[in-house]
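Work through the exercises below with the coordinates open. Try each task before reading its solution.

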Amino acid sequence: MSKIYHIKGVDSNQYEQILEKELKDKFKRGMVVAVKLHMGEDKGMFNLELAKRAINVLNKLGCKPFLFDTPVKYLSPRHTKEGYEKLAVKHGFTKEKIGCPVIISNDYVVVKTEHMSVEVSKDLAESDAFLVLSHLKGHPASGMGAAIKNLAMGCVSIKSKNDLHSLGLPEVSDACTACGTCAEVCFFNAIDIKDRARINAEMCGGCSNCFYNCPNNAITAEVSFDTLMAEAASAVLKTLDNKPVFYVNDVRSITKNCDCFSNPGEIIAKDVGVLLGDDIVAIEKASVDLINEQEKKNVFKEVHHHDPYLQIKEARKIGLGKEDYDLTRGVGK
Ligand code: SF4
Ligand code: SF4
């Protein structure tokens with residue numbers, strides 16, 4: 001069973017106390033620590049203050065942290081290293097304000113998985129330890145996005161991001177009755193219903209929503225989006241070769257859509273707080289469980305027709321962690 005900390009508010013110094021308590025024996029003096037986070041498309045991003053407070057702890061421990069992210073595949077200033085660097089400055093992610101260098105990483109090492117050759121950030125692969133700062137929110141392609149997505153999409157090249165969205169291209173079989181359900185759940189508008197469902201491969205985002213929701217099992221795919229995400233996340237962790245990793249999930253400002261949208265949309269669940277732990281599967285499961293317990297429904301499945309537990313299950317199956325967790329409120333013993 002993995003230990004996961006839960007703090008409801010972040011005004012006290014419990015956040016720093018937990019980080020210091022958990023990191024001090026593993027994140028040793030002199031270690032170069034890669035700190036992954038999303039520095040914002042427009043309105044949504046990892047909370048600047050929480051990032052700064054984590055860096056303060058790492059500096060206090062004598063580590064050498066740097067913040068990093070990678071360029072994105074879609075049309076945005078973040079598509080290029082230079083454009084993202086400017087946007088990071090605009091959003092306050094600078095060495096002066098944060099207390100460590102900020103790197104937009106665009107060199108990669110290749111890791112092979114069952115279905116992919118994943119190009120993983122070289123800056124991350126060459127670091128001594130890894131701190132993953134994730135803002136949990138909804139996502140139309142995966143139900144929700146937090147730590148697994150932060151690794152799978154956030155630490156890889158544009159080519160690998162494209163592969164994640166294209167390798168699970170679905171096919172429609174003769175069992176299709178043209179009921180239209182798949183078109184209703186396709187965020188990318190990639191499906192036309194005529195005599196049967198027709199998928200436009202150019203528009204398909206490979207999210208597997210049609211595959212999961214077809215009432216007649218008429219859609220097949222060689223591999224699901226959730227499996228690919230788990231594989232990419234495992235490739236990212238493999239580059240670290242058992243070096244220490246720690247996760248912070250900020251489960252507040254839970255918007256309908258991802259921070260990669262210029263407008264992430266309305267708040268769809270009440271704040272849960274901040275979770276911390278060293279098991280990516282357990283922290284994701286605990287985060288979603290707490291939201292769903294509070295809202296008394298599977299929030300992201302209802303909004304995006306995509307069960308968030310699927311990516312968690314795939315990550316557990318591939319050996320990234322345990323779904324069982326022991327929730328500690330506050331600093332604990
Ligand atoms: S949901 Fe299934 S049966 Fe319905 S139109 Fe789509 S592929 Fe055909
Ligand atoms: S996988 Fe299916 S639901 Fe997802 S974008 Fe492609 S056609 Fe649409």
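**Exercise 1. Count the secondary structure of the protein chain, then judge its overall dimensions.**

Step 1. The protein chain holds 13 helices and 18 strands. Helices (H or I, at least four residues) and strands (E, at least two) are DSSP runs, numbered from the N terminus.

Step 2. This is a predicted model: local features need pLDDT of at least 70, side-chain atom pairs count only at pLDDT 80 or more, and totals for chains, interfaces and linings use all residues. Residues are numbered from 1 along each chain as its sequence is written, chains are lettered from A and ligands numbered from 1 in the order in which they are written, and side-chain values use heavy atoms, with hydrogens and water left out.

Step 3. Take the radius of gyration over C-alpha atoms; the globule rule is 2.2 Å times the number of residues to the power 0.38. For 333 residues, a compact globule would come near 20 Å, and the protein chain has 19 Å, so the two agree.

Step 4. Along the principal axes, the C-alpha atoms fill a box of roughly 65 × 40 × 35 Å.

Step 5. Of the 333 residues, 57% are buried. Buried means under 20% relative accessible area, exposed over 50%, partly exposed in between (1.4 Å probe, protein chains only).

**Exercise 2. Check the span, the start and the end of helix H2.**

Step 1. H2 covers residues 48-60, which is 13 residues. The expected span of a helix is 1.5 Å times one less than its number of residues. From first C-alpha to last, H2 reaches 18 Å, close to the 18 Å expected.

Step 2. Look at the start. A side-chain oxygen of Asn-47 comes within 3.0 Å of the backbone nitrogen of Glu-49. That fits a polar contact (a pair of N or O atoms within 3.5 Å; within protein, one must be able to donate a hydrogen and the other to accept it, and residues adjacent in sequence count only if both atoms are side-chain atoms).

Step 3. List the buried residues of H2: Leu-50, Ala-51, Arg-53, Ala-54, Ile-55, Val-57 and Leu-58.

Step 4. Look just past the end. Gly-62 has a positive phi of about 85°.

**Exercise 3. Repeat the analysis for helix H11.**

Step 1. H11 spans residues 280-295 and has 16 residues. Its first and last C-alpha atoms are 23 Å apart, close to the 22 Å expected.

Step 2. Asp-279 caps the N-terminal end, with a side-chain oxygen 2.9 Å from the backbone nitrogen of Val-281.

Step 3. H11 is mostly covered, with 14 of its 16 residues buried.

Step 4. Just after H11, Lys-296 takes a positive phi of about 60°.

**Exercise 4. Place the positive-phi residues Asn-242 and Ser-253.**

Step 1. Recall the background: most residues other than glycine have a negative phi.

Step 2. Asn-242 has phi near 65°. Asn-242 sits in the loop between helix H10 (225-240) and strand E14 (245-251). Its relative accessibility is 78%, so Asn-242 counts as exposed.

Step 3. Ser-253 has phi near 50°. Ser-253 lies in the loop between E14 and E15. At 41% relative accessibility, Ser-253 is partly exposed.

**Exercise 5. Which residues surround ligand 2, and how does the shell around ligand 2 divide by class?**

Step 1. A residue is near a molecule if one of its heavy atoms lies within 4 Å of it. Around ligand 2 are Pro-170, Cys-186, Phe-188, Ile-191, Ile-199, Cys-204, Gly-205, Gly-206, Cys-207, Ser-208, Asn-209 and Cys-210.

Step 2. Sort them: Ala, Val, Leu, Ile, Met, Phe, Trp, Tyr, Cys and Pro count as nonpolar, Asp, Glu, Lys and Arg as charged, and the others, Gly among them, as polar. The result is 8 nonpolar, 4 polar and no charged.

Step 3. Cys-210 has 8% relative accessibility, so Cys-210 counts as buried.

Step 4. Turn to ligand 1. It is surrounded by 13 residues, the closest being Cys-176, Cys-179, Gly-180, Cys-182 and Cys-214. By class there are 9 nonpolar, 4 polar and no charged residues.

**Exercise 6. How many disulfides does the whole structure contain?**

Step 1. Search for pairs of cysteine sulfur atoms within 2.5 Å. The search finds 0 disulfides.

Step 2. Test Cys-63. The nearest cysteine sulfur belongs to Cys-100 and is 11 Å away.
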